[in-house]
Amino acid sequence: MSDSTQRTKVALVTGITGQDGSYLTELLLSKGYEVWGIIRRSSSFNTDRIDHLYQDPHEPNVRLHLRYGDLSDASSLLKIFAEAQPTEVYNLAAQSHVKVSFDIPEYTADVTGVGVVRILEAIRQLNLNTRFYQASSSELYGKVTETPQSETTPFWPRSPYACAKALGFYMTRNYRESYGMFAVNGILFNHESPRRGETFVTRKISRAAARISLGMQETLYLGNLDARRDWGFAGDYVEAMWRMLQVDDPDDFVIATGETHTVREFCELCFQEVGLPIEWKGSEANEVGLGPDGQVMIRIDPKYFRPAEVDLLLGDPSKARRLLNWSPTVMLDELAKMMVHSDLDLSKHEAIERGIATA
Ligand code: NAP
Ligand code: F7E
């Protein structure tokens, strides 16, 4: 394939309505790209995160185009890819919740795994001169065999989600090797933001800390407090995705902060930020997080435990630092503050709307 950097930049983003899709689209539009986004049909609006980027399709010089499609439907993908003629494709769409993947394993395998094959085939069959980014995940390391984890660490997936991502990872690499496609895997460790879905643990915690401090919620129920994650900021990580498609030689990269922290520590940071330092009492399923007046703010609910857990993730981003000149700008302290303050604003706004507070 010839060098796509010679042509007008046209990016196609799947999962554009998600956390990363929204930040990536902002970045690409700021760099002058024309962006095509695939949204899936839903019975209610699912475009909250990109509404601020909406452009009237009837206006001249529109640079954001949205089309309905689904990763489970090859025909919709072929049609949109043929219309957009992208020079860069970012596959961010997925059933991305690890715990949910145990409940809907077949659907997760289809969308998160086979969906990647459908995209690679669309690119191949249409003979598109494009560069392809696959959203691979640190969940691939699962039951880790070494720490920190790098591009050479073996995979040991621990959930249907991770197994589906393994298919996507190897298919991406295989199309690179088989057809000379510019196809890369970003092995991204957890990344969060005020736009993170509310059922992922960081957002669940920042939102609860805000609401408990405002008297809008009594208790936060969590699962495993001792899981360790390498959490970064989504805004930093979409920059790395873009950089991966600008290098001369396609390759796979770990993107991480190089620090690991427990869920428990993230709770402490968020509740401290709203003036409710936590005292932990008890153990295992009976452990509770008490507030300054002895009130129970956090309880354990075993329904949030996973059939198989990923205990420890810590990434080594040195290859990305060296070859992409990428490094994280936001570490955990600042990330927790950013998320809590955003959730305080949202919760205050909601309280005013519901008539339980005044402006
Ligand atoms: P997210 O917020 O859950 O967004 C997922 C996106 O995929 C949403 O736009 C969703 O649409 C879309 N989607 C789901 N099923 C689809 C289908 N069948 N067809 C088309 N679109 C579909 O995820 P994220 O945090 O932005 O993550 C982006 C990607 O990176 C995902 O592939 C995720 O697995 C991967 N990843 C994430 C992390 C992380 O820490 N965030 C780390 C490593 C890898 P709706 O808005 O309609 O639901
Ligand atoms: O869980 C523990 C849970 O759901 C983190 C996805 O973006 O990152 C994400 O996957 C940890 C786990 O993220 C609750 O057991 C405790 O150990 O926020 P999470 P995840 O599973 O790491 C990877 C890199 C991806 O690729 C995924 O797409 O927190 N935990 N209590 C809890 N988790 C949740 N969700 N809810 C709890 O109540």
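# Exercises on two ligand sites and their helices

In this predicted model, 25 residues surround ligand 1, and the closest are Thr17, Asp20, Asp70, Ser96 and Tyr161. The exercises start there.

## Exercise 1. Polar contacts of ligand 1

Find how far an oxygen atom of ligand 1 lies from polar atoms of Gly15, Asn46 and Tyr161.

Solution.

1. Take the backbone case. A polar backbone atom of Gly15 sits 3.3 Å from an oxygen atom of ligand 1.
2. Turn to side chains. For Asn46, an N or O atom of the side chain is 2.9 Å from a ligand 1 oxygen.
3. Tyr161 also uses its side chain: the distance from an N or O atom there to an oxygen atom of ligand 1 is 2.6 Å.
4. Test against the cut-off. A polar contact needs N or O atoms within 3.5 Å. The values of 3.3 Å, 2.9 Å and 2.6 Å are to be held against it.
5. Add the cover. On its own, ligand 1 has 900 Å² of accessible area, and the protein covers 90% of it.

## Exercise 2. The shell around ligand 1

Which elements each supply at least two residues of the shell around ligand 1, and how does the shell divide by class?

Solution.

1. List the elements. They are helix H1 (19-30), helix H4 (105-125), strand E5 (131-137) and helix H5 (160-179).
2. Pick out the largest share. E5 gives it, with three residues.
3. Sort by class. The shell has ten nonpolar, ten polar and five charged residues.

## Exercise 3. H4 against H5

Are H4 and H5 roughly parallel or roughly antiparallel to each other?

Solution.

1. Recall the description. Two packed helices are described by the angle between their axes and the distance between the axes.
2. Read both values. The axes of H4 and H5 come within 7 Å and cross at roughly 15°.
3. Apply the cut-off. Angles under 35 degrees count as roughly parallel. H4 and H5 are therefore roughly parallel to each other.
4. Give the hand. H4 passes H5 in a right-handed crossing.

## Exercise 4. The site of ligand 2

Describe the surroundings of ligand 2, from its nearest residues to its shell by class.

Solution.

1. Start with the neighbours. There are 23 residues around ligand 2, and Ser96, Ser137, Tyr161, Arg306 and Glu309 come nearest.
2. Give the oxygen contacts. An oxygen atom of ligand 2 is 2.6 Å from a polar side-chain atom of Ser137. For Arg306, an N or O atom of the side chain is 2.5 Å from a ligand 2 oxygen.
3. Add the nitrogen contact. A polar backbone atom of Gly223 lies 2.8 Å from a nitrogen atom of ligand 2.
4. State the cover. Ligand 2 taken alone exposes 700 Å², of which the protein buries 95%.
5. Name the elements. Helix H6 (201-213) and strand E8 (220-222) give two or more residues to this shell.
6. Sort by class. The shell around ligand 2 holds nine nonpolar, eight polar and six charged residues.

## Exercise 5. H6 against H10

Work out how H6 is oriented to H10.

Solution.

1. Read the geometry. The axes of H6 and helix H10 (residues 332-353) come within 8 Å and cross at roughly 50°.
2. Classify. That angle makes H6 oblique to H10.
3. Give the hand. The crossing is right-handed.

## Exercise 6. Backbone exceptions

Where are Pro148 and Asn127 placed, and what marks their backbone?

Solution.

1. Recall the rule. Most residues other than glycine have a negative phi, and most peptide bonds are trans.
2. Place Pro148 in the loop between E5 and H5. A cis peptide bond joins Thr147 to Pro148, with omega about 0°.
3. Place Asn127 in the loop between H4 and E5. Phi of Asn127 is positive, near 55°.

Key: Residues numbered from 1 in each chain as written. Chains lettered and ligands numbered in written order. Predicted model: local features only at pLDDT ≥ 70, side-chain atom pairs only at ≥ 80, totals over all residues. Heavy atoms only, no water. Near = heavy atom within 4 Å. Polar contact = N/O pair within 3.5 Å; in protein donor to acceptor, adjacent residues only side chain to side chain. Areas by Shrake-Rupley, 256 points an atom, 1.4 Å probe, with all protein chains shown as cover. Helix = DSSP H or I, 4+ residues; strand = E, 2+ residues; numbered from the N terminus. Nonpolar A, V, L, I, M, F, W, Y, C, P; charged D, E, K, R; others polar. Axes fitted to C-alpha atoms, helices over the stretch in contact; angles between N-to-C directions. Parallel < 35°, antiparallel > 145°, perpendicular 65-115°, else oblique. Left-handed = near helix turned anticlockwise from the far one by under 90°.
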